[in-house]
Amino acid sequence: MQHLQNETLEAIAQGEALHAIMNRLCLRVEAIAPGVTCSVVTVDAQHCLQPLAGPSLPADCAAAISGVPIGPAVGSCGTAIFRGAPVGVSDIATDPLWNGVAQGCLAHGLRACWSSPINARDGRVIGSFAFYYDQPRGPNDLERQIVATCVHLCAIAIEHEEVQSRNLRLAYYDTLTGLPNRVSFNDAIMRATSAPPLDYGLMLIDIDHLKTVNDTMGHAAGDALIAAVGTRIQSVIGEATAFRIGGDEFAVLLPQSTRAVQMRMVAAAIIAAMPAVLDHEGHGIIPSVTIGAALGGEDGHDSVTLRQNADFALYHAKETKRGGYVRFKQGLRTSMTRRLQTRRDVDLALTDGRLVPYYQPVVRIDTNEIVGIEALARMRLPDGRIVSASEFQEAMLDPKVAHRITGQMLGAVATDMAAWQRAGIHFQHVGLNVTSADFEKGDLVQRIVKAMDRAGVAPKHLVIEITERVFMGGRKDGVARTIEALRERGIRVALDDFGTGFASLTHLLDFPVNIIKIDRSFIAAAQSSAKSSVIVEAMVVIANRLGMKIIAEGIETPEQAQWLQVMGCRLGQGYLYAQAMPAGIVSGLIQRFGQKADSETQAQPGPVATAA
């Protein structure tokens, strides 16, 4: 018995398969106790019997109990597990515990069965160890000693297997969704690309607006959304495998997917599975995902390239087709690489403090007086050159970068305003452009007030400018509340590039801004295009009747200025008057050409700032 125990424990320690350990244990016991047929049965999570070992037990006997629920009268093993106590049946043919299940054993000459429960350390019954006899009888003293030892060994072996399985699941599966995790994904894609043919597709899937759900409804709601998306993806992908590889990111490997149309159909099915409302504690959440994909072989031959290309497609989809599907295309890698490099350059410039404001005057067209200034973001390169925002505009598509740029510009503008005040330079308004990321973050008002207070500048000297994309994007009520909060603090709000985006005139009633800026494209075309001329004239009339100020951008010639004045537009900016310039230079212009305090009430322009 000591040898049996040592042999079994050594096999467990060496990581031998549980099935093999239990089979060998049964054979060793049968050699020690002649006339005994040994078996080991486990119970699954559904409380059903699952044969584990029984090398000498007829196969049909084992098969007969597979998947059978335990109960008060389910042979010896099913009953022993149910009761949590040994069950000895000395005559299978007559014992009521075996009614309906005795035929198979009797047909093979098995006449009696003694089964003992296997208990885990926490008290759970995890299986049974049984002796079958070829004659009606019960166990003798030696057999009782053998069983006591074997039940203990079985408990150790089965619990060890449970721990191993649990650790394996934790290592390779996501606990929230039950899907294979990033480690599993890495293994799977390496196997898929290890040998031809590369007949598979890769999808990367991002949950849209998960952060908003977490911020507004709590992380429990976010977890419910993640779990629901994982379930919905898995339900429509057929033989493909879904993985959760990050907080809001999933991957799908499609086997034998050699055509782009197959990937597109699966992507369409995934997107179509999302819109059903998810109820979380009485709150409705509508899931949405964005998908980028790459085709094995055609879009990459190794796992690194394929994943990069799928990631490029996803990144592009999130910027241009949120809630949709984009497959990788040649040329996308180049543009995305350039964009990522631009982002790195801007990140470094922000860290080094090389994102600075330049200022362009806003003037009264009839008097050429400066009535305000517009702040424009500029990046100082390591070699000292200054580049305009158009050269790093792509980086601002990233919400984090855009949010950082606004923060650095806000601080710098407030500092310049405070310096002008200390120097006795009279200025009216300075403007600053903000992005969708600033509204989505939800802290725009607090950031502005804090920066102004720190610099000692009244918020009334600041104008916040938003583009039509910001105006129309995001949650309508959230943008409106932020605009109203800004206006309550005396901060004016301007709508930039009006007429070039998505806004309609009716939206001016929902979002009452103080200032409308006519886009430079209309000014450039107005004198040669009757339609542009009519549009500009209509804008001026509407703005005046709504009590809003209007500023014409991009004035480059005296003829344009004269024409605008005839149209009734009193304020403008452009190269005709001045280009953007550093704070030190613009302060001199304000001193020389700035509108005096006694005439401020005549214009009240509220000039604006932009990162353009």
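**Second pocket and open sheet**

Biologist: How much space lies in the second largest pocket?
Modeller: About 350 Å³. Keep in mind that this is a predicted model.

Biologist: How many residues line that pocket, and which lie nearest its centre?
Modeller: The lining has 26 residues. Nearest the centre are C61, A62, A64, I65 and Y132.

Biologist: Which elements give two or more residues to the lining?
Modeller: Two strands and three helices do. The strands are strand 1 (36-43) and strand 2 (49-53). The helices are helix 3 (59-65), helix 4 (75-83) and helix 5 (103-107).

Biologist: How do the lining residues divide into nonpolar, polar and charged?
Modeller: 18 are nonpolar and eight are polar. No charged residue is in the lining.

Biologist: Switching to the sheet. What is the strand order, and is the sheet open or closed?
Modeller: Open, with five strands in the order 7-8-6-11-12. The pairing is mixed.

Biologist: Which are the edge strands?
Modeller: Strand 7 (241-244) and strand 12 (325-327). Each of them pairs on one side only.

Biologist: What does the twist average?
Modeller: 20 degrees from one strand to the next.

Biologist: Take strands 6 and 8. Do they pair parallel or antiparallel, and over how many bridges?
Modeller: Antiparallel, over seven bridges. Strand 6 covers residues 200-207 and strand 8 covers 249-255.

Biologist: Which residue in strand 8 stands opposite G201?
Modeller: L254.

Biologist: And helix 10, which strands does it lie across?
Modeller: Helix 10 (residues 260-272) lies across strand 6, strand 8, strand 11 (289-295) and strand 12. Its angle to strand 11 is about 165 degrees.

Technical notes. Residues numbered from 1 in each chain as written. Predicted model: local features only at pLDDT ≥ 70, side-chain atom pairs only at ≥ 80, totals over all residues. Heavy atoms only, no water. 1 Å grid on protein atoms, 1.4 Å probe; cavity = no way out; pocket = protein on both sides within 12 Å on 5 of 7 lines; lining within 4 Å. Points joined across faces, edges and corners; volume = space filled by probe spheres on them. Helix = DSSP H or I, 4+ residues; strand = E, 2+ residues; numbered from the N terminus. Nonpolar A, V, L, I, M, F, W, Y, C, P; charged D, E, K, R; others polar. Pairing = 2+ DSSP bridges. Axes fitted to C-alpha atoms, helices over the stretch in contact; angles between N-to-C directions. Contact = heavy atoms within 4.5 Å.
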